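Grab a pencil and get ready to look at a fold step by step. Try each task on your own before you read the solution under it.

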Amino acid sequence: MYEWIKAIHIIAVMSWMAGLLYLPRLFVYHTAAEVGSVQSETFKVMERRLLKAIMTPAMLLSWGLGLWLASLSHAWTMPWFQAKAVLVIIMSGLHGYLGVCVKRFTKDTNTKSSRFFRFLNEAPTLLMVAIVILVVVKPF
Ligand code: HEM
C-alpha cells in the first residue's frame, strides 16, 4: 500500500513540477506579445488551463498523498522531512504567486519584465533539486 501511495505521489509531483517549470516560460513569451493580439489571447487560455486543469489539482494531490505517507511513516520527527516541508511550502507559495501573475495577464495588467520571469523560472528547478536530494539521500 505504502509503495502505491508513493508511486502516485511521484506522478502527481511530476505533473505539478511540469507546470511550475513551464508557466513562467509562457510568461516570458507572453510579455513579448502585444496586448489584444491573437498571441496574447492564446497565451491567456494556455496559462489559465495549465494552472486550473493541471497544476492546482496536481499540487493538491501531491500534498494529500505526501501527508498520508508522512502519517504512515511518522516522518514528522525527521530533520530531512522538516527541511523538505519548508521547501515544499515555499514551492506552494511560488504556485500561489504564479496564480496572481495569471490573473494579472488575464486583465492585461502585468508590469513584470521577461527578464524577471526568466529568473523566476530558476526557482522551481533549485527547489526540486534540493527536495529530491533531501527525500532520497536523507542527508540528516
Ligand atoms: C506537497 C507536499 C509533500 C509532502 C507532504 C511530501 C511527503 C513525502 C513523504 C512522507 C514521502 C515518503 C518518504 C519515504 O518513504 O522515505 C515522500 C516521498 C517522495 N517525495 Fe514527497 N512530499 C511532498 C512534495 C514533494 C515534492 C514537491 C517533491 C519533488 C519535487 C517530492 C518528491 C518525492 C520523492 C521523489 C519521493 C520518493 C522518495 C523515496 O522513496 O526514495 N515530494 N514525500
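Below are six short exercises on this predicted model, each with a worked solution.

**Exercise 1. Get your bearings**

Find out how many helices and strands the chain has, and what its C-alpha trace spans along the principal axes.

Solution. Start by counting elements: the chain has five helices and zero strands. Read from the N terminus, the elements go α-α-α-α-α. Next, the extent: along its principal axes the C-alpha trace spans about 50 × 25 × 15 Å. Then burial: of the 140 residues of the chain, 36% count as buried. Last, take the contacts between residues at least 6 apart in sequence; 79% of these join residues at least 24 apart.

**Exercise 2. Pair up α3 and α5**

Work out how α3 and α5 are oriented to each other, and which residues make the contact.

Solution. First locate the two helices: α3 covers residues 79-106 and α5 covers residues 122-137. Their axes come within 9 Å and cross at roughly 160°. An angle over 145 degrees counts as roughly antiparallel, and α3 and α5 are therefore roughly antiparallel to each other. As for handedness, α3 passes α5 in a left-handed crossing. Now list who touches whom: α3 brings Trp80, Ala83, Lys84, Leu87, Val88, Ile90, Met91 and Leu94, while α5 brings Ala123, Pro124, Leu127, Ala130, Ile131, Leu134 and Val135. Sort that list by class and you get 14 nonpolar residues, no polar ones and one charged.

**Exercise 3. Do it again for α2 and α3**

Find the angle at which α2 and α3 pack, then sort the residues of their contact by class.

Solution. The angle is about 160°, and the axes are 11 Å apart. Apply the reasoning from before: α2 and α3 are therefore roughly antiparallel to each other. The crossing of α2 past α3 is left-handed. On the α2 side, the contact is made by Lys44, Glu47, Arg48, Leu51, Met55, Thr56, Met59, Trp63 and Ala70. On the α3 side, you'll find Phe81, Val88, Ile89, Ser92, His95, Leu98, Gly99, Val102, Phe105 and Thr106. By class, that makes eleven nonpolar, five polar and three charged residues.

**Exercise 4. Now try α1 and α3**

Decide which orientation word fits α1 and α3, starting from the angle between their axes.

Solution. The axes of α1 and α3 come within 11 Å and cross at roughly 40°. That angle makes α1 oblique to α3. Here, too, there's a handedness to note: α1 passes α3 in a left-handed crossing. Among the contact residues are Trp16, Leu20, Leu23 and Phe27 of α1, along with Val88, His95, Leu98 and Phe105 of α3. Counting by class, this contact has twelve nonpolar, five polar and one charged residues.

**Exercise 5. Look inside the core**

Which residues have the most contacts inside the largest nonpolar core, and which helix gives the most to it?

Solution. Begin with the core itself, which has 27 residues. Leu23, Phe27 and Met55 have the most contacts inside it. Then ask where its residues come from: α1 (2-32), α2 (38-73), α3, α4 (114-120) and α5 each supply at least two. The helix that gives the most is α3, with eight residues. Finally, zoom in on methionine 55: leaving out residues up to four places away in sequence, it touches Trp16, Gly19, Leu20, Leu23, Leu50, His95 and Leu98.

**Exercise 6. Check three residues outside the helices**

Place histidine 74, aspartate 108 and lysine 138 along the chain, and say how accessible they are.

Solution. Take them in order.

- Histidine 74 sits in the loop between α2 and α3. With a relative accessible area of 53%, histidine 74 is exposed, since the cut-off for that is over 50%. Histidine 74 and valine 129 are 55 residues apart in sequence, and 23 Å apart in space from C-alpha to C-alpha.
- Aspartate 108 is in the loop between α3 and α4. At 35% relative accessibility, aspartate 108 counts as partly exposed. Its phi is near 60°, a positive value in a residue other than glycine.
- Lysine 138 belongs to the segment after α5. With 41% relative accessibility, lysine 138 counts as partly exposed. Lysine 138 has a positive phi of about 45°, although it isn't a glycine.

Notes:
Residues are numbered from 1 along each chain as its sequence is written. This is a predicted model: local features need pLDDT of at least 70, side-chain atom pairs count only at pLDDT 80 or more; totals for chains, interfaces and linings use all residues. Side-chain values use heavy atoms; hydrogens and water are left out. Axes are lines fitted to C-alpha atoms, for helices over the stretch in contact, and angles run from 0 to 180 degrees between N-to-C directions. Helices (H or I, at least four residues) and strands (E, at least two) are DSSP runs, numbered from the N terminus. Angles under 35 degrees count as roughly parallel, over 145 as roughly antiparallel, 65 to 115 as roughly perpendicular and the rest as oblique. A crossing is left-handed if the near helix is turned anticlockwise from the far one by less than a right angle, and right-handed if clockwise. Contact means heavy atoms within 4.5 Å. Ala, Val, Leu, Ile, Met, Phe, Trp, Tyr, Cys and Pro count as nonpolar, Asp, Glu, Lys and Arg as charged, and the others, Gly among them, as polar. A nonpolar core is a set of buried Ala, Val, Leu, Ile, Met, Phe, Trp, Tyr and Cys residues joined through side-chain atoms within 4.5 Å. Buried means under 20% relative accessible area, exposed over 50%, partly exposed in between (1.4 Å probe, protein chains only).
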